[in-house]
Amino acid sequence: MIKDLQELDAYLIKSKEYIARESGKRDKIKEQLKMEKQNLQNIEKEIELLSKVSILFQKTSEFAREQAKNQIESLVTKCLQFIFESDIEFLVEIEEQRGKSNAEFYVINKAEDILIKTKPELSRGGGVVDIVSLALRIAFLQIHKPKIEGPLILDEPAKHVSDEFIFNVADFLKQTSELFNRQIIMVTHNHHLAAIGNNAYKVDMKGSESTVTRITS
């Protein structure tokens, strides 16, 4: 009987030691679980914050793109209306295709209260294309960040514009140079455009020899 009690006491001692060890493990696991829950909460907060930042960047990007689009449309429209003396408008349509933005250009004319939307190359021959190309170059130079310094270099900027509107082109270029304080260097065969320059030179070629002569008004 005594032996049985001793064995029982020994068993109880071992059981208490086992329970103490397992309780320690349990408490440690609880503490680890608490820490992991806290880490999980922190990660969830970071994910939420990153999602908000991502949305903010997206909206900021969309806003900046819309602002640039509006500026380009306005400048090109004013250029077209100034030169062609009509209510023609320039429109930029941006579409998302396979994760990339694609821009299409259009001009809008009014005919008897009907809006006619066409590609620039299909409107009034090549004259509209020349002016749209010219205005887009100026727009991109002016709205680009950081600002692009230096002159605007043009090669036959209005070769398809009829003589009816060529004086308006000349006036537009002169006003653009003064308004944006940007020098314009132009190569042209048109005498009206050459006449607006502060300095104009005529290049004649005989055989393989070129002769440059300054044009004086």
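These exercises, each with a worked solution, walk through a predicted model.

**Exercise 1. Find the largest nonpolar core and say which elements build it.**

Let's start with the background. In soluble globular proteins, nonpolar side chains tend to be buried together.

Step 1: Get the extent of the core. The largest nonpolar core holds 30 residues.

Step 2: Pick out its best-connected members. Val76, Leu80, Ile83, Phe90, Ile131, Val132 and Val169 have the most contacts inside this core.

Step 3: Trace the contributors. At least two residues of the core come from each of helix 1 (2-84), strand 1 (89-97), helix 2 (127-143), strand 4 (152-155) and helix 3 (163-179). Helix 2 gives the largest share, with 9 residues.

Step 4: Zoom in on one member. Leaving aside residues up to four places away in sequence, Ile83 touches Ile131, Phe165, Asn168, Val169 and Phe172.

**Exercise 2. Work out the strand order of the open sheet of 3 strands, and explain why strand 1 and strand 3 each have a side without a neighbour.**

Step 1: Read the order. The strands of this open sheet are arranged 1-2-3, and their pairing is antiparallel.

Step 2: Look at the edges. Strand 1 and strand 3 (114-118) each have a single partner strand, so one side of each lacks a neighbour in the sheet.

Step 3: Add the twist. From one strand to the next, the twist averages 35 degrees.

Step 4: Check one pair in detail. Strand 2 (residues 100-111) pairs with strand 3 over 5 bridges in the antiparallel sense. Along this pair, Asn109 stands opposite Ile116 in strand 3.

**Exercise 3. Describe the hairpin formed by strand 6 and strand 7.**

Step 1: Count the bridges. Strand 6 (residues 200-206) and strand 7 (residues 209-215) run antiparallel and are joined by 7 bridges.

Step 2: Locate facing residues. Val203 stands opposite Val212 in strand 7, and Tyr201 stands opposite Arg214 in that strand.

Step 3: Inspect the turn. The hairpin has 2 residues between its strands, and Gly207 in the turn has a positive phi of about 65 degrees.

**Exercise 4. Survey the cavity and the largest pocket, and list residues that line each.**

A word on the approach: rolling a probe the size of a water molecule over the atoms shows where empty space is left.

Step 1: Count the cavities. Searching the whole structure gives 1 cavity of 30 Å³ or more. The largest cavity has a volume of about 50 Å³.

Step 2: List the lining. Ile138, Leu141, Gln142, Leu152, Thr176, Ser177, Phe180, Arg182 and Ile184 line the largest cavity.

Step 3: Assign the lining to elements. Helix 2 and helix 3 each supply at least two of the lining residues, and helix 2 gives the largest share, 3 residues.

Step 4: Follow one lining residue. Thr176 sits in helix 3. With a relative accessibility of 8%, Thr176 counts as buried, because the cut-off is under 20%. Not counting residues up to four places away in sequence, Thr176 touches Ile138 and Asn181.

Step 5: Turn to the largest pocket. Its volume is about 1100 Å³. Of the 28 residues lining this pocket, Met186, Ala194, Asn199, Ala200 and Tyr201 lie nearest its centre. Helix 3, strand 5 (184-187), helix 4 (191-194) and strand 6 each give two or more residues to the lining.

**Exercise 5. Examine the backbone at Pro146, Glu156 and Asn181, and decide whether Glu156 and Asn181 are buried or exposed.**

Here is the yardstick. Most residues other than glycine have a negative phi, and most peptide bonds are trans.

Step 1: Check the peptide bond. Lys145 and Pro146 are joined by a cis peptide bond, with omega about 0 degrees. Pro146 belongs to the loop between helix 2 and strand 4.

Step 2: Take Glu156. This residue is not a glycine, yet has a positive phi of about 50 degrees. Glu156 lies in the loop between strand 4 and helix 3. Its relative accessible area is 17%, so Glu156 is buried.

Step 3: Take Asn181. Its phi is also positive, near 50 degrees, in a residue other than glycine. Asn181 is found in the loop between helix 3 and strand 5. At 72% relative accessibility, Asn181 counts as exposed, because the cut-off is over 50%.

Terms used:
Residues numbered from 1 in each chain as written. Predicted model: local features only at pLDDT ≥ 70, side-chain atom pairs only at ≥ 80, totals over all residues. Heavy atoms only, no water. Core = buried A, V, L, I, M, F, W, Y, C linked by side-chain atoms within 4.5 Å. Buried < 20%, exposed > 50% of the residue type's maximum accessible area, 1.4 Å probe, protein only. Helix = DSSP H or I, 4+ residues; strand = E, 2+ residues; numbered from the N terminus. Contact = heavy atoms within 4.5 Å. Pairing = 2+ DSSP bridges. Axes fitted to C-alpha atoms, helices over the stretch in contact; angles between N-to-C directions. 1 Å grid on protein atoms, 1.4 Å probe; cavity = no way out; pocket = protein on both sides within 12 Å on 5 of 7 lines; lining within 4 Å. Points joined across faces, edges and corners; volume = space filled by probe spheres on them.
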